[in-house]
Each structure stands twice: as structure tokens, then as C-alpha cells.
Amino acid sequence: MMDQCEEDSGVLQSVLPTGGTDQAEDKGQPTQSQMGDGGNEWDTDLETDNATNRIQSRAERYLKACRKIGVTPISSFLHNLNEANLNLNHYSVGPLGAKALAIALQNDNVITHLELEDNALRAEGTRYLTEMLQTNINIQSLNLSNNQLYLEGADVIYKMLLDNCYVKSIKLSGNGFDDSAAKYFAEALKDDCVVTELDLSHNNFCESGGEHLGDMLAKNLGIEVLNLSWNSLCMRGVAALSAGLKLNSTLKQLQLSWNRLGHIEAELLGQVLKQNNKLKLLDLSSNLITDRAVTLLCQGLATNSSLRVLKLSHNPLTNNGALTLLKTVINNTNSAVEELDISTVFVNEAFMELLEETRQRRPPLDVQYSYMSYTARNVSALRIFNKFLNERNESVMDFFQALDKDRTMKVSTSDFRKAVKEANVPLNQGQLECLIRKFDKDCTATIIYRLVCELLCVK
């Protein structure tokens with residue numbers, strides 16, 4: 001069996017760049033590819049040798065730390081020594097493994113993004129990493145999600161944030177943080193201008209947690225993305241967040257999906273949208289927002305000029321709420337909304353027709369919704385019928401009047417069906433029947449085409 005030194009040597013050989021030895025032994029004249037732009041020889045070889053030496057030094061430092069602490073080296077770390085993004089998610093690193101990594105990364109100047117999600121680091125392992133960040137000034141993004149940090153870990157992060165000058169993105173999802181932990185984060189970040197992205201999703205924040213974070217938002221000068229999804233925020237917590245948002249001037253994205261937001265919270269956020277013109281994305285998916293709640297939210301959406309993305313899927317919304325949203329966006333000439341996600345709402349023909357008209361005036365608008373197949377056929381049939389008449393320079397009124405010899409403003413559905421087929425309107429049988437049902441909603445076998453023309457805004 002090889003001893004530890006032989007094993008380390010084998011690992012090093014497997015990760016070092018190849019080809020350096022052959023180049024060093026070459027005594028001939030340099031080729032054109034070995035010349036720099038200014039004609040200096042061996043520039044490329046020198047750069048390769050330096051890079052190889054740096055990688056070897058970093059690998060040796062890590063392996064030495066692993067031997068001293070008594071942990072197994074992570075092969076993925078050794079195979080990605082020259083990558084700016086170090087992804088060690090789900091490697092069971094543990095507290096002692098984190099200590100070895102901290103030693104290896106203490107003076108590292110390559111890695112900028114460190115991913116350590118789901119590694120059972122706990123507070124102890126996190127403490128080693130935060131001590132490393134006191135000297136490492138290169139890491140800007142840190143993912144410590146799902147690492148069993150709890151309140152003790154929140155205290156460790158709090159102390160790091162007080163002295164942080166370089167880490168801009170921190171992900172702390174799923175660490176069992178409660179309202180007490182929220183107080184630590186709020187205190188550390190209330191005057192901070194370095195952190196721009198904070199992920200606190202999948203934790204246990206409730207009323208006072210929201211109050212602490214709301215107070216932080218009122219004073220914070222840097223956060224642009226805040227993820228509070230999968231918590232238990234409502235009432236007082238959301239009221240405090242809303243109050244903070246009215247004063248905040250940096251937040252661009254707020255994710256509040258999977259909380260307990262209803263009509264009271266929607267009204268509070270509607271008031272925010274009246275005053276806050278920085279927020280660009282608001283995710284309220286999977287809450288308790290009804291048609292009534294949407295109406296309250298729309299009080300702010302009616303004047304807001306910054307929000308670009310609004311997500312409301314998996315809420316108890318109906319077509320009425322969907323129509324309210326769409327009309328509000330249309331009527332607000334300053335609206336910036338480009339994406340509206342109501343993908344779990346089944347809409348009717350009126351909504352789809354209004355959306356079709358809206359898209360002609362505002363092509364960038366992307367609305368995600370659900371519909372029944374017969375609704376789609378109805379809308380398609382009407383669009384095909386209108387297009388056919390436009391191509392013949394004929395109006396809907398002209399088409400019906402040609403059938404109404406006695407000028408009664410009525411035609412039978414059978415005459416209309418026969419005329420459509422004789423004119424070769426490109427409708428299949430199902431679409432034709434959908435069109436007739438739309439024109440003859442009371443099933444009287446008669447179409448009052450004056451009403452049809454009014455419906456279609458045809459004069």
C-alpha cells in the first residue's frame with residue numbers, strides 16, 4: 001500500500017497541466033506560436049510554468065491541511081484549482097473538511113464564487129470559513145444553504161457581515177433560522193452597502209422576523225435581490241417589510257412566494273407599489289391571493305412605472321382577477337410590466353381577446369395563463385374569421401348584411417353556417433360551431449349581428 005506522500009503525489013500528477021516537461025527539454029529555436037507579440041521568446045511557456053506552479057502550490061497546501069486535520073481530500077477541489085467558480089455542493093464536507101478548505105483558501109486569489117450547499121457544516125465549520133474570509137479578499141459569492149446553521153450559525157454570519165468588505169452575494173436558504181436569527185441579519189445589514197444579494201428562503205421567519213427585516217430594508221443601502229420565499233410571513237411581518245420598502249432605494253427583486261399572504265398583505269404591497277419605483281420583480285406565487293386581493297394590489301400597479309415582472313401563479317385567482325390585472329396594466333400608460341405569470345389561472349375568451357389586442361400595442365408583454373381547449377378554439381375561430389374578411393376588404397357588417405335581404409338586423413345560424421362554407425372561410429367544423437355559439441349565446445338559432453358588430457367594435 002502506498003504511504004500518504006505517495007498518494008498525494010499521485011493526486012497532484014493527475015491534476016497538473018500536461019506538456020510542460022517536453023517544452024522545457026526542447027533546446028531548438030522557438031516556433032512562431034512560442035513568440036510573444038513583441039518577439040520575446042518563451043512567453044507562453046513561462047506563463048504555463050507559473051500557472052502550473054501556482055496550482056501545485058495550492059494543491060499541496062490543501063493536501064497538507066487534510067493530512068494534519070485528518071480528513072479525506074475532496075477530489076473535485078483538486079480538479080478545479082484554476083476555476084473561479086468552485087462548486088462543492090453536496091460533498092459531505094463537514095466542519096473539519098471546512099477547516100481544511102479554509103486553510104487552503106486563506107490567501108487564494110483565483111476563486112470568486114464558493115458553493116458549499118448541503119455539507120453539514122454547522123456553526124463550527126462556518127466559523128472556519130468566515131475566519132478565512134478575513135484575509136481572503138477575492139471571494140464575492142458564498143452559498144451556505146442547507147448546512148444546519150440555526151441560531152448559533154446566524155451569530156457567526158452576523159460577525160462576518162460586520163467586517164465584510166468583499167462578499168456581495170450570500171445564500172443562506174434552509175438553515176432553520178427563526179425570528180431570533182432574523183435580528184442578527186437585520187442588525188448586521190442595516191447600514192451595509194456591500195451585500196447586493198441575500199437568500200433567506202426556506203427558513204422559519206414569522207411576524208417579528210419580518211419586522212426585523214423590514215427595519216433593515218428601511219436603512220440598507222445595497223441589497224438588490226432579497227429572497228424570502230418559503231417562510232411564514234404575514235400580517236405584522238409583511239406590514240413591516242412594506243414600510244421598509246417604501247423607504248428603500250436599492251431593492252430590485254423581492255421573492256415572497258410560499259408565505260401566507262392574503263388580501264391584507266396584498267393591500268400593503270399595493271401601497272408600496274404606489275411609492276416605490278425601484279422594484280422590478282415581485283414574486284407572490286403560491287400564497288392566498290384571491291380576486292379581491294388582486295384588486296387591492298392593482299391600486300398600486302395602476303400608477304407604478306418600474307415593475308417589470310409580477311408572478312402570481314398558484315394562488316386562488318379566477319378569470320375575474322386575471323382580467324383586473326390585465327386591464328390595470330393596459331390602462332397604466334407608464335406601466336413597465338413585461339411579464340405577468342398567472343399560469344395556473346384558467347381564463348375565458350374575453351381575457352384572451354383583450355390580451356390579443358394588447359399585444360398589438362405592446363408586443364413585449366408576456367402573459368402566462370391556462371385555458372380550456374374550447375376557449376382557444378373560440379378565440380382562434382374569431383381571429384381567422386376577421387382575417388379572412390380583412391383580406392377581402394370586407395367588414396363583419398358587410399358579410400351579415402349580404403345575408404339579411406330584408407334588413408332585419410338578424411340572420412339565422414343555418415344561413416350563417418352555409419354562407420361561411422360557401423365563402424371558403426378557412427374554419428374547420430369545430431371552429432365554425434364555436435363561432436356560432438359565440439354569436440348566438442342564448443342558442444336561439446338566430447344571430448343579431450348588430451350586437452356582434454358592437455362586440456367586435458365594428459362600426
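Modeller: A quick definition before we start: Ala, Val, Leu, Ile, Met, Phe, Trp, Tyr, Cys and Pro count as nonpolar, Asp, Glu, Lys and Arg as charged, and the others, Gly among them, as polar. Also, keep in mind that this is a predicted model.

Colleague: Thanks! By class, how many charged residues does the lining of the second largest pocket have?

Modeller: That pocket has a volume of about 250 Å³, and 14 residues line it. Six of the lining residues are nonpolar and three are polar. The charged class has five.

Colleague: Which element gives the most to the lining of the second largest pocket?

Modeller: T130, Q134, K159, M160 and D163 lie nearest the pocket's centre. Two elements give two or more residues to the lining, α6 (122-132) and α7 (150-163). With five residues, the top contributor is α7.

Colleague: Let's turn to the sheet. Which are the edge strands?

Modeller: The open sheet has 11 strands, ordered β1-β2-β3-β4-β5-β6-β7-β8-β9-β10-β11, with parallel pairing. An edge strand pairs on one side only, and that holds for β1 (85-87) and β11.

Colleague: And in β11, which residue is the bridge partner of F346?

Modeller: Strand β10 (residues 339-347) runs parallel to β11 (residues 366-371), and five bridges join them. Between them comes helix α14 (residues 349-361), giving a right-handed β-α-β unit. In β11, the partner of F346 is S370.

Colleague: At what angle does helix α13 run to β10?

Modeller: Happy to say! Helix α13 (residues 319-331) lies across β9 (309-311) and β10. Its angle to β10 is about 155 degrees.

Conventions. Residues numbered from 1 in each chain as written. Predicted model: local features only at pLDDT ≥ 70, side-chain atom pairs only at ≥ 80, totals over all residues. Heavy atoms only, no water. Pairing = 2+ DSSP bridges. Helix = DSSP H or I, 4+ residues; strand = E, 2+ residues; numbered from the N terminus. Right-handed = clockwise from strand over helix to strand, strands pointing away. 1 Å grid on protein atoms, 1.4 Å probe; cavity = no way out; pocket = protein on both sides within 12 Å on 5 of 7 lines; lining within 4 Å. Points joined across faces, edges and corners; volume = space filled by probe spheres on them. Contact = heavy atoms within 4.5 Å. Axes fitted to C-alpha atoms, helices over the stretch in contact; angles between N-to-C directions.
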